[in-house]
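Work through the following exercises with the model open beside you, and try each task before reading its solution.

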Amino acid sequence: MRGCLSLALLTLFATLSSAAENGPPPGRLPDTVRPTRYRLTLSIDPRQSEFSGETAIDVDVREPLSIIWLHGLGLKVRSASVSSQGRTLAAHYEEVDHDTGVARLATDGVLAAGKAVLHLTYSASFQDTPQGLYRTRVGEDWYAFTQFEAIDARRVFPGFDEPRFKTPYDVSLTTAGADLAVTNAPELSAAPSGGGALHRFQTTKPLPTYLVAFAVGPLEVVQGAPLPPNAVRREPLPLRVIGTRGNPQRFQFALTQAPELIRRLEEYFGIPFPYPKIDLIASPNEPGAMENAGAIIFGENYLAFGAEPTPQQASSFGVVAAHELAHQWFGDLVTPAWWDDIWLNESFAEWMGSKIADAWRPQLGVQQDQLNSTLRAMNTDALSAGRPIHQPVDTNLQIASTFDDITYEKGAGVIRMVESYLGAERFRRGVQLHLERHAYGTATADEFFRSMAEGSGDRAVIDAFESFVNQAGVPLVGVTRSADGSLALAQSRYRPLGPGGTAAGGGQWKIPFCADFYPSAAPPDKRCTMLGAPTGSLVVPAPLQGATVHPNADGAGYYRFTLDAALAHPLLAMAVRLPPREAITLADSTAAAFDAGRLPFGGLHEAAAALAGHADRTAALSLGYRLESIHDRMADAAERALLERSLVALYGERLRQLGYDVAPGHHAAEPPEQQLLRRQLIGLLALTARDPTVRAALLPFADGSLADPTQVDALLRSAVWAVALQERGAPVFARLKTLATGEDAQLRLDAAGALGYAGPALSTEALDFTLDPALEPVAAWRITLAQMRGPATRTQAWSWLGAHEAPAVGRLSAMFQFLYANVGNSFCSPAERQSFETVLGAKMRALNGGELAVGRVLEGIDDCSALRTALGDSIHTTLGTAAR
């Protein structure tokens, strides 16, 4: 018996020693220890540089061990121990990977299998950028907010920082003075404690670490009326909007409109709101919004604009709020098991957010804006340096690269395509089945596909989903009319002109292909087929064989198309009468043909003219923005002058007919789409085309509105200020700096937008200003990108970046620093490519997600350079002739 015991112990200690020698896990933690509950006690005073905490984690230990791998980043752990089976073992905490926050907890002795509790006390520094627990100052007040996604909860408390570990949380927060505290669950009590208060909260529903949230400070809490019970939810739902101290009226629109978004989501999912309350929290420094369960944190500009927002503000609120609220079910109630499936979270919320926001305010054109975002993602997806929507994530360093437009916008486009093919109600049944099966748990994309197939009754949907999710690239469907009247279809992978060739091989999809047929004087007739082979056909009934064909019905398909001449000419002739989404996809496939070298510049310009009069603003301007991109990135000075004249010729009369009086309230009675069209036309003509007539009309409003911003239409304010900055220089610049760091979120946004248009005389000063800590990091980033986009300031901006790369990149949170590589998207020559490699290439590659970002930028420069060469003198030939 003794001999057997000795052998067992030797085997055990050899196993433990081997685990220690293997080093920290680069990705998933081992399954040897699983958390089942957290008790978090934190002391948070944002006036100080540090906070402190005590964390107790109930765990299941699955085998005897002496080393526990967990997460912690920048935590100064003072004590650690593990309690199990009536005894307490001292433990030693060590942060092993200082880049991704992998830590080791070594116990003094072997920890037996079974239930245990980890105890750690620690302190840590507040962050200055929106990651972990960060602090911000507004006036004389200090606040703290959190941003934990993807892997920044480990900056605030030690734990198992992976989405698969969903547990309840018991949270207690000690605050200073009269500070308030908010977290995911309702507050139970607030008792005096050491000159402040100890706040205790209800136990949360099971959550992953990345959805835990805190907000602390002299917060303004605006209580809304509880959402009454409805056919789905039996209990009232408390609603609040919370922000920095100040005018509570700025939150009224959000407070009154959020209930309608929640009602529509409950009705769609058929499941009550999953948490006991909902707080919408406004943070001055949040760059977007974060779907923390029951405590969504937004950038302040998405919530703070009073009772009468502009159409742009209403659209931003509706889309972003609906996206984050949709996550409360899809992402929070049911969470991806690992980061390789985060695409499903974000794709679904992006699609659902636009769907709900469009139903809430159809006059805002939200669905067309969403489609436009998906089509822009196709430009990324067309690159050889790409990734599939679903990509393996083996290390913590790969997580950041999953948060890009492939995840959000391509994913949303694929979901929209499958919904269109199945029909809205069949698709909805699959979604509901998935949520019911996995409520308060985790699920994989494969499990979602199975739910969709069973709920919709169509197993073919699995193959369609997988063919788009598991491979990169954009399908190109060639469409010709056969002698028998059917449509002959051929699929290939779309590629722009460049080193990869005009149509790189590889890629075959199961494409839900749908076309609309337009018989004369009759409504369109939609016909569909599943194109799963390299070639196929769509049977066309005899009455439709002479009809004009749009090969992407309602713009719902995630593919581009080419048409033979017999099909292309009639479609372009009716372009201005097409439904908006079909006009937008026609514009996209036209621009794609130009980018691939299959359509000359003259054909692109002809299509832009054909669509310029479309009633929908996105359809009318899509190709105008492609001309703007050519102007900014490819054209020389003489070509830019021709393109500017062309933009005025294409769009100037339409703006004149709309009118561009920028006095406040002058256009308030117009439909929102018309107001938004005016805004975009003014930006295109005043700032890109530099039309003197438009600029002269805006300039008189500058002085008064800089002193009192209410003296100009808020929707047009940023454009007025940008023109004034270019024309009047230093005095305007000084005032805009003040506004960009003031207390009004909308004025900060407008002023920073205008500062991006600073001309060469003020470019360096504008870029120096981006390093000012008082300027929001996202505003600094936008100014830098705008300075790089401008042909007149690009060289100067690039020189500045070469000298200030470290502090400039450091203003972004660590997770998103790789996005700084996108400054190279303004380049279009081999010399600029080499300069990018020399200055930023190696530094960007070293960042999380940087390898892919740099590869995309370099390939984009190569493609642009090839297209620039192919253009030759065609801009002069086309536009010079047109001008005469």
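**Exercise 1. Determine whether Asp369 is buried or exposed, or in between, and then describe its salt bridge.**

Step 1. Asp369 has a relative accessible area of 25% and is therefore partly exposed, where buried means under 20% relative accessible area, exposed over 50%, and partly exposed in between, with a 1.4 Å probe and protein chains only. This is a predicted model, in which local features need pLDDT of at least 70 and side-chain atom pairs count only at pLDDT 80 or more, while totals for chains, interfaces and linings use all residues. Residues are numbered from 1 along each chain as its sequence is written, and side-chain values use heavy atoms, with hydrogens and water left out.

Step 2. The partner is Arg617, whose side chain meets that of Asp369 in a salt bridge at 3.0 Å, N to O; the term stands for a side-chain nitrogen of Lys or Arg within 4 Å of a carboxyl oxygen of Asp or Glu.

Step 3. Because Arg617 belongs to helix 13 (residues 617-633) and Asp369 to helix 5 (residues 366-381), the pair ties together parts that are 248 residues apart in sequence. Helices are DSSP runs of H or I with at least four residues, strands are runs of E with at least two, and both are numbered from the N terminus.

Step 4. Arg617 is buried, at a relative accessible area of 5%.

**Exercise 2. Find which parts the salt bridge between Arg868 and Glu639 ties together.**

Step 1. The closest N and O atoms of Arg868 and Glu639 are 2.7 Å apart.

Step 2. Arg868 is in helix 25 (residues 850-871) and Glu639 in helix 14 (residues 637-658), so this pair ties together parts that are 229 residues apart in sequence.

Step 3. Glu639 is buried, with 3% relative accessible area.

Step 4. Elsewhere, salt bridges that share partners join Lys355, Arg416, Glu419, Asp554 and Arg581 into one network. By the rule given above, the count comes to 50 salt bridges.

**Exercise 3. Establish how Arg34 and Asp31 are paired, and how accessible each of them is.**

Step 1. Arg34 forms a salt bridge with Asp31, and the closest N and O atoms are 3.5 Å apart.

Step 2. Arg34 is partly exposed at 23% relative accessible area, and Asp31 is also partly exposed, at 39%.

**Exercise 4. Place Tyr421 and Ser84 in their elements and list what each touches.**

Step 1. Tyr421 lies in helix 6 (residues 405-422) and is partly exposed, with 29% relative accessibility.

Step 2. Leaving out residues up to four places away in sequence, Tyr421 touches Asp458, Pro512, Cys528, Thr529 and Met530, a contact being heavy atoms within 4.5 Å. Ser401 is 20 residues from Tyr421 along the chain, and their C-alpha atoms are separated by 30 Å.

Step 3. Ser84 is found in strand 4 (residues 76-84) and counts as buried, with 6% relative accessibility. Its contacts, with residues up to four places away in sequence not counted, are Leu111, Ala112, Lys115 and Ala116.

**Exercise 5. Summarise the fold by its elements, its spans and its contacts.**

Step 1. The protein has 26 helices and 28 strands.

Step 2. Along its principal axes, the C-alpha trace spans about 95 × 65 × 60 Å.

Step 3. Of the 884 residues, 60% count as buried. Among contacts between residues at least 6 apart in sequence, 71% join residues at least 24 apart.
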